[in-house]
Amino acid sequence: MLDKPEIAGWEHIRSGKVRELYKDKSGDLLIVATDRISAFDYVLPTSIPDKGKLLTQLSLFWFEFLSDLVPNHIKSLTVPSEVKDRAVIAHPLTMFPIECVVRGYLAGSGWAEYQNDKSVCGNLLPDGLLDGSQLPTSIFTPATKAEIGDHDENISFMRSVEIVGSDAAAELRSLSIAIYEKAKSYAKSRGILLADTKFEFGTDLKGEIRVGDEVLTPDSSRFWNLSTWNPGGAQASFDKQYVRDWLVNSGWDRKSPPPELPDDVVEKTQARYIEAYQLITGRKFR
């Protein structure tokens, strides 16, 4: 698939890290998920075949599953043939300028922060936790949204209040945790530990909060294998942690353009995404 296809009747208006955004004359948005993959806030030069389709279809499953908790941005699934299965037509939203991260387990930047001061984004945690430990309660750990090439920054809840206001911050925290808890319980029944995830919310023309972008995918979440979970180190996962690990071990300095991914890393990453989709949805991909 072309990264930025020309689509009759739709004007291309923006490129994200892994998505392309179009608008038609009525103001509707066409959101296209490409096969690009990002890591450490860089877009990698190598794509993962079918990734855009996998993430779109998995998000649609979750949007439906979570519809009793929060409305979403979907307006129609009748999309141009050029982007079949990897695009949605969405209600235009005014997006909140924070990423709403929820953690139920300690990993990644949360683990790094915990080692410094036993807290994550202002949430004080008990002593003795390990890399991969389950937290006593799920915590809201928002982050700023970075432009391509910049880095997301973990922030405290009070900083999120300064950015979006106290009422919005409280509602986003409540919604995020409720969504996470429902998804975590379901994922566990499918053999997956949902370690953490991030959501993006916006308001529609009536001022109603909707969840948008993607939800609970291997790009926005850590999916661990329940049967092998063992705190104290890296966990077997169904997400893009495999790519992150390869990049760390490749010697890349995270300052220069990232290297191409080898064929075997591409194949194993795609296999993990497919397995996550099939485990969660109970459906065969393709």
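What follows is a short chat about the cavity, a pocket and the helix packing in this predicted model.

Colleague: Before we start, which pLDDT do local features need?

Modeller: Residues are numbered from 1 along each chain as its sequence is written, and side-chain values use heavy atoms, with hydrogens and water left out. As this is a predicted model, totals for chains, interfaces and linings use all residues, side-chain atom pairs count only at pLDDT 80 or more, and local features need pLDDT of at least 70.

Colleague: How much space lies in the largest cavity?

Modeller: A cavity here is a set of points, on a 1 Å grid over the protein atoms alone, where a 1.4 Å probe fits but cannot get out. Grid points are joined across faces, edges and corners, and a volume is the space filled by probe spheres set on the points. The structure holds one cavity of 30 Å³ or more. The space in the largest cavity comes to about 110 Å³.

Colleague: Which element gives the largest share of its lining?

Modeller: Lining residues have an atom within 4 Å of a point, and of the 16 around the largest cavity, Arg 19, Thr 56, Ser 59, Val 88 and Asp 213 are the closest to its centre. Strand S3 (29-33), helix H1 (51-65) and strand S7 (87-90) each give two or more residues (helices, H or I, at least four residues, and strands, E, at least two, are DSSP runs numbered from the N terminus). The largest share, five residues, comes from H1.

Colleague: And how many charged residues are in the lining of the second largest pocket?

Modeller: A pocket is an open set with protein on both sides within 12 Å along at least five of seven lines, and this one holds about 160 Å³ of space. Its lining includes Lys 75, His 91, Asp 204 and Arg 210. Ala, Val, Leu, Ile, Met, Phe, Trp, Tyr, Cys and Pro count as nonpolar, Asp, Glu, Lys and Arg as charged, and the others, Gly among them, as polar. By class, that gives two nonpolar, three polar and, for the charged ones, five.

Colleague: On to the helices: how do H1 and H6 run relative to each other?

Modeller: The axes of H1 and helix H6 (residues 263-281) come within 10 Å and cross at roughly 20 degrees (axes are lines fitted to C-alpha atoms, for helices over the stretch in contact, and angles run from 0 to 180 degrees between N-to-C directions). Angles under 35 degrees count as roughly parallel, over 145 as roughly antiparallel, 65 to 115 as roughly perpendicular and the rest as oblique. So H1 is, relative to H6, roughly parallel.

Colleague: Which residues of H5 meet H6?

Modeller: Helix H5 (residues 241-250) packs on H6 at about 155 degrees, with the axes 9 Å apart, so the two are roughly antiparallel. Contact means heavy atoms within 4.5 Å. On the H6 side are Val 265, Lys 268, Thr 269 and Arg 272, and on the H5 side Tyr 242, Val 243 and Trp 246.

Colleague: Last one: how do H3 and H4 lie, as an angle class?

Modeller: Helix H3 (residues 157-164) and helix H4 (residues 166-189) have axes 7 Å apart and pack at about 125 degrees. That angle makes H3, relative to H4, oblique.
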